[in-house]
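Dear colleague,

I am handing over the structure we spoke about, which you will find directly below. Please look through it once before reading on, since the notes that follow go from one part to the next.

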Amino acid sequence: MKWFLIGIRKYIEKIKDVKGDGNYGYQAISVGLGHDEEDWINIRKILVMELDQYFSLYEGMCGEKELAKELCHKLNYSGSPAPKDRWIIMPEMGHLIESVFQVVLVFLSNHQCLTFLPLQYPPLPPESRSLIVLRHVNGNHFVMVYLRPNSPIPPIARNWYIHHYPFANR
């Protein structure tokens with residue numbers, strides 16, 4: 001709880017810390033999806049396929065081809081421990097993650113807090129929606145956070161308004 005401001009702590013049900021081997025962001029996503037944290041390799045593979053398939057969409061969101069290529073470089077790795085140049089980067093990968101897994105993704109850090117919604121899929125009914133909350137801690141690690149029901153969440157990432165497909169409206 002030391003990673004959270006006092007006002008936010010009352011909304012936290014529990015925190016799941018994952019193994020610190022450089023794949024922690026992908027491990028936290030795997031846990032958030034209800035899988036074992038060791039499924040991080042499949043998370044990376046699925047994200048690479050999404051990025052390849054919709055490269056022009058993510059290139060537009062990144063603002064330049066080189067940043068989109070950097071995301072592909074970071075994702076295309078299956079070793080452990082992962083070197084720093086293969087770590088997950090947020091918020092840059094936020095839309096990619098939520099679009100692939102059709103979840104509502106909340107990113108929390110000391111510098112920025114955002115909510116990511118799917119870009120190219122219609123919203124799921126409220127009872128079917130999954131919420132994944134990732135907290136960036138210590139400048140180099142991620143943990144999975146479980147919020148209490150009806151907790152407030154941060155604002156929607158601005159890029160969603162610019163790049164989402166019309167049928168993905170909330």
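**Two proline loops and what surrounds them**

Pro 81 is placed in the loop between helix H5 (65-75) and helix H6 (94-101), and the peptide bond that leads from Ser 80 to Pro 81 is cis, with omega near 5°. Pro 91 also has its place in the loop between H5 and H6, and here a cis peptide bond, with omega about 10°, joins Met 90 and Pro 91. These bonds are worth pointing out because most peptide bonds are trans.

Before going further, please keep in mind that this is a predicted model. The mean pLDDT of the chain is 89, and 96% of its residues reach 70 or more. Among the elements, helix H1 (residues 6-9) has the lowest mean pLDDT, at 80, whereas helix H3 (residues 40-53) has the highest, at 95.

**The sheet**

The strands form an open sheet of five, in the order S1-S5-S4-S2-S3, and the pairing within the sheet is mixed. Strand S1 (12-17) and strand S3 (113-116) stand at the edges with a single partner strand each, so that one side of each has no neighbour in the sheet. On average, and with direction ignored, neighbouring strands of this sheet are turned by 25° against each other.

Going through the pairs, strand S2 (residues 104-108) and S3 are antiparallel and share four bridges, and in this pairing Leu 105 stands opposite Phe 116 of S3. Helix H2 packs on the sheet, where H2 touches S1, S4 and S5, and the direction of H2 makes about 20° with that of S5.

On its other side S2 is joined to S4 by five bridges, and these two strands run parallel. The bridge partner of Val 106 in S4 is Val 133, and Val 133 in turn has Val 145 as its bridge partner in S5, so that a reader who follows Val 133 can step from one pairing to the next.Strand S4 and strand S5 (residues 141-147) pair in the antiparallel sense over five bridges. These two strands form a hairpin with three residues between them, and in the turn Asn 138 has a positive phi of about 55°. Is S4 buried or exposed for the most part? Five of the seven residues of S4 (residues 131-137) are buried, so this strand is largely enclosed by the rest of the structure.

**Helices H2 and H3**

The axes of helix H2 (residues 24-32) and H3 come within 8 Å and cross at roughly 95°, which means that H2 is roughly perpendicular to H3. On the H2 side the contact is made by Tyr 26, Gln 27, Ile 29 and Ser 30, while H3 contributes Trp 40, Ile 43, Arg 44 and Leu 47. Sorted by class, the contact of H2 with H3 has five nonpolar, two polar and one charged residues.

Ile 43, which is found in helix H3, may be a useful residue to look at in the viewer. Ile 43 counts as buried, because its relative accessibility is 2%, and buried here stands for a value under 20%. When residues up to four places away in sequence are not counted, Ile 43 touches Tyr 26, Ile 29, Ser 30, Leu 33 and Phe 101. Ile 43 and Ala 68 are 25 residues apart in sequence, and from C-alpha to C-alpha they are 18 Å apart in space.

**Two further loop residues**

Most residues other than glycine have a negative phi. Gln 102, which lies in the loop between H6 and S2, has a positive phi of about 50° although it is not a glycine, and with a relative accessible area of 30% Gln 102 is partly exposed. Asn 150, in the loop between S5 and helix H7 (158-163), also has a positive phi, near 65°, in a residue other than glycine. At 81% relative accessibility, Asn 150 counts as exposed.

With best regards

Conventions. Residues are numbered from 1 along each chain as its sequence is written. This is a predicted model: local features need pLDDT of at least 70, side-chain atom pairs count only at pLDDT 80 or more; totals for chains, interfaces and linings use all residues. Side-chain values use heavy atoms; hydrogens and water are left out. pLDDT is the predictor's confidence in each residue, from 0 to 100. Buried means under 20% relative accessible area, exposed over 50%, partly exposed in between (1.4 Å probe, protein chains only). Two strands pair if DSSP finds at least two bridges between them. Axes are lines fitted to C-alpha atoms, for helices over the stretch in contact, and angles run from 0 to 180 degrees between N-to-C directions. Angles under 35 degrees count as roughly parallel, over 145 as roughly antiparallel, 65 to 115 as roughly perpendicular and the rest as oblique. Contact means heavy atoms within 4.5 Å. Ala, Val, Leu, Ile, Met, Phe, Trp, Tyr, Cys and Pro count as nonpolar, Asp, Glu, Lys and Arg as charged, and the others, Gly among them, as polar.
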